[in-house]
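Colleague: I would like to learn how to read a model like this one. Can we take it feature by feature?

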Amino acid sequence: MILTGPEIERERAAGRLTIEPFDPAQVNPNSYNLTLGPTLVVYTSTVLDTRRPNDFETLEIPEQGIVLDPGRIYLGSSVEVIGSDHYVPVMHSRSGSARLGVFSHVTADLIDQGSHGQLTHQLRVVQPVRVYAGLSLAQVDFRRTQGEPLLYQGKYQGSRGPQPSQIHLDTLGAALGVAA
């Protein structure tokens, strides 16, 4: 079950979900629009490795915007801190940006119950597209769960800004026979 826009507002007011900062104009019939933060992370290697940290650079998005090129993954973040111990947030591209060929959340759209932080946009484009800090590229909906909750305690908890992959922590633990 997905919360309606008015229910998102009620549940936020009741403290059962977090959206900060909150702007009522960003509420949709079944979701809340997310805005792009001022920085992007771009990996600097052409081959990425799942067993080690990958080098990256952080780019500030200038006032005139930044052009995203096809063939690269750009990591941005929501301005908003999102989370809930009661619902599962799910992040999606907005239809307007998708119609320009901007995929603002390529995969891994499920945000675990109990996770709280700024959400990382996985930006990919099909042709060059200029984007701006503060642009509403994505949206989040909130889904009810069934059963006893198991709240997220993972490595991205409390994220601020774009978060590069930390999959190497999983594979390193698995390679050593240690649970991540």
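**Reading the cores**

Modeller: Start with the largest nonpolar core, which has 15 residues; Leu17, Ile19, Leu34, Ile82 and Phe142 touch the most other members. Keep in mind that this is a predicted model.

Colleague: Which elements give two or more residues to this core?

Modeller: Strand E2 (32-35), strand E7 (87-93) and strand E11 (136-144) do. The largest share, three residues, comes from E11.

Colleague: Is there another core apart from it, and of how many residues?

Modeller: Another core lies apart, with 13 residues. Val42, Ile61, Leu68 and Tyr74 are among them.

Colleague: Back to Leu17. Which residues is Leu17 in contact with, leaving aside neighbours within four places in sequence?

Modeller: The contacts of Leu17 are Leu3, Ile8, Glu11, Arg12, Gly83, Ser84, Tyr87 and Phe142.

Colleague: How do I read a helix?

Modeller: Begin with the general idea. An α-helix has 3.6 residues a turn, so residues three or four places apart point the same way. Now take helix H1 (residues 5-13), whose buried residues are Gly5, Glu7, Ile8 and Glu11. Seen down the axis of H1, these buried residues fall within an arc of 160 degrees, so they line one face of the helix.

Colleague: What do the buried residues of H1 pack against?

Modeller: They pack against strand E1 (18-20), E2, E7 and E11. Just after H1, look at Gly15, which takes a positive phi of about 80 degrees.

Colleague: Now the surface. Which residues make the nonpolar patch of about 260 Å²?

Modeller: Phe103, Val106 and Val126 make that patch. Val106 sits in the loop between strand E8 (102-103) and strand E9 (116-125).

Colleague: Why does Val106 count as partly exposed?

Modeller: Partly exposed runs between the 20% and 50% cut-offs. Val106 counts as partly exposed because its relative accessibility is 41%.

Colleague: And where is Thr50 found?

Modeller: Thr50 is in the loop between strand E3 (39-43) and strand E4 (56-60). Its relative accessible area is 45%, so Thr50 is partly exposed. Thr50 and Ile2 are 48 residues apart along the chain, and their C-alpha atoms are separated by 34 Å.

Colleague: Is His168 buried or exposed?

Modeller: His168 counts as buried, because its relative accessibility is 13%. His168 lies in helix H3 (residues 167-176). Leaving aside neighbours within four places in sequence, His168 is in contact with Thr50, Arg51, Arg52 and Pro53.

Note on methods. Residues numbered from 1 in each chain as written. Predicted model: local features only at pLDDT ≥ 70, side-chain atom pairs only at ≥ 80, totals over all residues. Heavy atoms only, no water. Core = buried A, V, L, I, M, F, W, Y, C linked by side-chain atoms within 4.5 Å. Buried < 20%, exposed > 50% of the residue type's maximum accessible area, 1.4 Å probe, protein only. Helix = DSSP H or I, 4+ residues; strand = E, 2+ residues; numbered from the N terminus. Contact = heavy atoms within 4.5 Å. Patch = residues over 30% accessible without salt bridge, like charges linked within 9 Å, V, L, I, M, F, W, Y side chains within 5 Å. Areas by Shrake-Rupley, 256 points an atom, 1.4 Å probe, with all protein chains shown as cover. Salt bridge = Lys/Arg side-chain N within 4 Å of Asp/Glu carboxyl O. Arc of directions from axis to C-beta.
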